[in-house]
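Got a few minutes to walk through a structure together? Take a look at it before we start.

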Amino acid sequence: MERKDKIVIIGGGAAGMIAAWQASSFGAKVILLEKNPDLGIKILISGGGKCNITNGTDINTMLKQFKKNESRFLKFAFHTFTNDQLLTILLNEGVETYIRENGKVFPKSHHAEDVLKALRNLMERNGVEILLQTPAKEIYRNENGTFNVKTNREIITASKVIVATGGSSYQKTGTTGDGFRWIQKLGHTIVPIRPALTPMILHPTPPSLWQGTPIRECKLMAIAQGPNQAQSLPISEWTGDVLITHFGISGPATLEVSRNTYLEFEKGVKIDMCIDFYPEISIEQLDEKIVKEISVNPLRSMLTMTEYLVPQKLAEFILIQLKIDDTTILNQLSKTDRRKLVNKLKCYSLGIVKDIPLDRGEVTAGGAPLDEVDRTTMESKIVSGLYLCGEVLDIAGPVGGYNLQAAFSTGYVAGDHAAKSLVQ
Ligand SMILES: Cc1cc2nc3c(=O)[nH]c(=O)nc-3n(C[C@H](O)[C@H](O)[C@H](O)COP(=O)(O)OP(=O)(O)OC[C@H]3O[C@@H](n4cnc5c(N)ncnc54)[C@H](O)[C@@H]3O)c2cc1C
């Protein structure tokens, strides 16, 4: 006989799959709907196809990487389903992992597919019914408290519904923000959707010769342009790698400053993206370093020294901008030109922000407001029996495995509570 008390989970990403596994471990009848022909497409593209599954640091340090309200919301979930627990279940499925120096955890095989395979195995072993190419179209709440989930094939009645449809960036992967629309109709408010962890399109675009050049461990600064220089205001900054692309900038430091920069950009503020090539030392110390370099190699050319100070491909163009002859021999370099170079290396403008496109964001900020969801169960405070987990929530962590961990932990709690409340 068909079980009436079903749990329907919409979205077969990290959050939905863990929720399905955990809910089914209580014997609940779990149906997982995924609109794509296969599960976990974002897992497959994460970490450049290697999948930075989580971060290896302790839970409290992990939580500190999120905004204050996000960290408070995630605390229970992160302690309930920890990074260690996640790695243990993966190991039990044969996925060995390792931690990089920066805390990022990857499968030893470097294949995201192995992580996905493990999650699929866990669900299949528990009897989760996985319906691929089955987009949910609408969720209706019935008078008796159950839900009707309309798909492209049928209407499924469920006692509990878990919405794990992700955000609305990388729409080609299936994350088209469907969940936001449904939960709004069911009475939730939605925090405006904004890009996070997103590359930036700059104007003018960087010189073509620079494309593909990484600038290592620099400080990237988003500076709001006032009517004059004295009124310029720093918006956001991050020290890490920046990658020059054909449209502007990408790389970890760019992704990290994108969320806060966007908040000013959408107000129409003109924002200059600048780089400090030497964030560890003061302007005076950099000047001393250059003076020393000149005294050690007085017969070198200005170009040779500048190629040593910045990535090689950038050197000639920087000197042209400074109107310094690149053939100048160092012992003939004027103090004025030396100071010009020092100033430029401490604050070099890469261009003005033209766009921070939502669709290219690794994560979507905004979504279901955290104060409308019970952080100990992931159940909606507006609609009982409805659960929200993963990126559909207004959470966007930094680069480093934090977002997948947030999806896994909130998914686990949602699946756990939905199933336990069925049994009661
Ligand atoms: C390029 C890229 C690289 C990334 N790298 C990392 C990384 O290395 N580490 C990290 O921690 N995070 C990374 N992230 C972020 C991380 O992938 C997401 O935060 C995480 O996958 C969110 O999980 P989720 O389960 O909430 O949503 P998703 O993984 O997006 O899953 C949602 C699923 O719901 C399905 N869906 C949507 N609508 C419907 C519908 N109507 N019916 C049925 N199914 C539907 C979608 O097809 C999708 O499969 C990366 C993101 C991108 C885009």
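What follows is a chat between a student and a tutor, going from the whole chain down to single residues.

Student: Before we dive in, what kind of model is this, and how are residues numbered?
Tutor: It's a predicted model, where local features need pLDDT of at least 70 and side-chain atom pairs count only at pLDDT 80 or more, while totals for chains, interfaces and linings use all residues. Side-chain values use heavy atoms, with hydrogens and water left out, and residues are numbered from 1 along each chain as its sequence is written.

Student: How many helices and strands does the chain have?
Tutor: Both kinds of element are DSSP runs numbered from the N terminus: helices are H or I with at least four residues, strands are E with at least two. The C-alpha trace they sit in spans about 90 × 45 × 35 Å along its principal axes. The count is 13 helices and 19 strands.

Student: What share of the residues counts as buried?
Tutor: Buried means under 20% relative accessible area, exposed means over 50%, and partly exposed is in between, with a 1.4 Å probe and protein chains only. The chain has 424 residues. Of those, the buried share is 55%.

Student: Among contacts between residues at least 6 apart in sequence, what share joins residues at least 24 apart?
Tutor: A contact here means heavy atoms within 4.5 Å. For the contacts you describe, the share is 72%.

Student: Which residues touch the most other members of the largest nonpolar core?
Tutor: A nonpolar core is a set of buried Ala, Val, Leu, Ile, Met, Phe, Trp, Tyr and Cys residues joined through side-chain atoms within 4.5 Å. In soluble globular proteins, nonpolar side chains tend to be buried together. The largest core here has 82 residues, and the two that touch the most other members are I7 and F408.

Student: Which helix gives the most to that core?
Tutor: The biggest contribution is 11 residues. Another core of 41 residues lies apart from this one, with V242, Y278, L345 and I356 among its members. The helix you're after, for the largest core, is helix 13.

Student: Which residues come nearest to the ligand?
Tutor: "Near" means having a heavy atom within 4 Å. There are 35 residues around the ligand, and they divide into 13 nonpolar (Ala, Val, Leu, Ile, Met, Phe, Trp, Tyr, Cys and Pro), six charged (Asp, Glu, Lys and Arg) and 16 polar (the others, Gly among them). The nearest are A15, E34, D178, E391 and L404.

Student: How far is an oxygen atom of the ligand from an N or O atom in the side chain of E34?
Tutor: A polar contact is a pair of N or O atoms within 3.5 Å. A backbone N or O atom of A14 lies 3.1 Å from a ligand oxygen, and one of N52 lies 3.0 Å from a ligand nitrogen. For the E34 side chain, the distance to a ligand oxygen is 2.7 Å.

Student: How much of the ligand's accessible area does the protein cover?
Tutor: Accessible areas come from the Shrake-Rupley method with a 1.4 Å probe. On its own, the ligand has 1,000 Å². The protein covers 96%.

Student: Which helix gives the largest share of the shell around the ligand?
Tutor: The elements that give two or more residues are helix 1 (14-24), helix 2 (41-45), helix 7 (178-185) and helix 13 (402-423). The largest share is four residues, and it comes from helix 13.

Student: Which residues of helix 7 are buried?
Tutor: The buried residues of helix 7 pack against several strands, including strand 1 (6-10) and strand 7 (136-141). Just after the helix comes G187, with a positive phi near 120°. The buried ones are D178, G179, F180, W182 and I183.

Student: Why does N36 count as buried?
Tutor: N36 sits in the loop between strand 2 (29-33) and helix 2. Its contacts, leaving aside neighbours within four places in sequence, are I41, L132, Q133, T173 and G174. N36 counts as buried because its relative accessibility is 14%.

Student: And K323, is that buried or exposed?
Tutor: K323 lies in the loop between helix 11 (312-321) and helix 12 (335-346). Its phi is positive, near 55°, though it's a residue other than glycine. With 73% relative accessibility, K323 is exposed.

Student: Which peptide bond is cis, with omega near -10°?
Tutor: Look in the loop between strand 12 (200-203) and strand 13 (214-224), where P204 lies. The cis bond runs from H203 to P204.

Technical notes. Polar contact = N/O pair within 3.5 Å; in protein donor to acceptor, adjacent residues only side chain to side chain.
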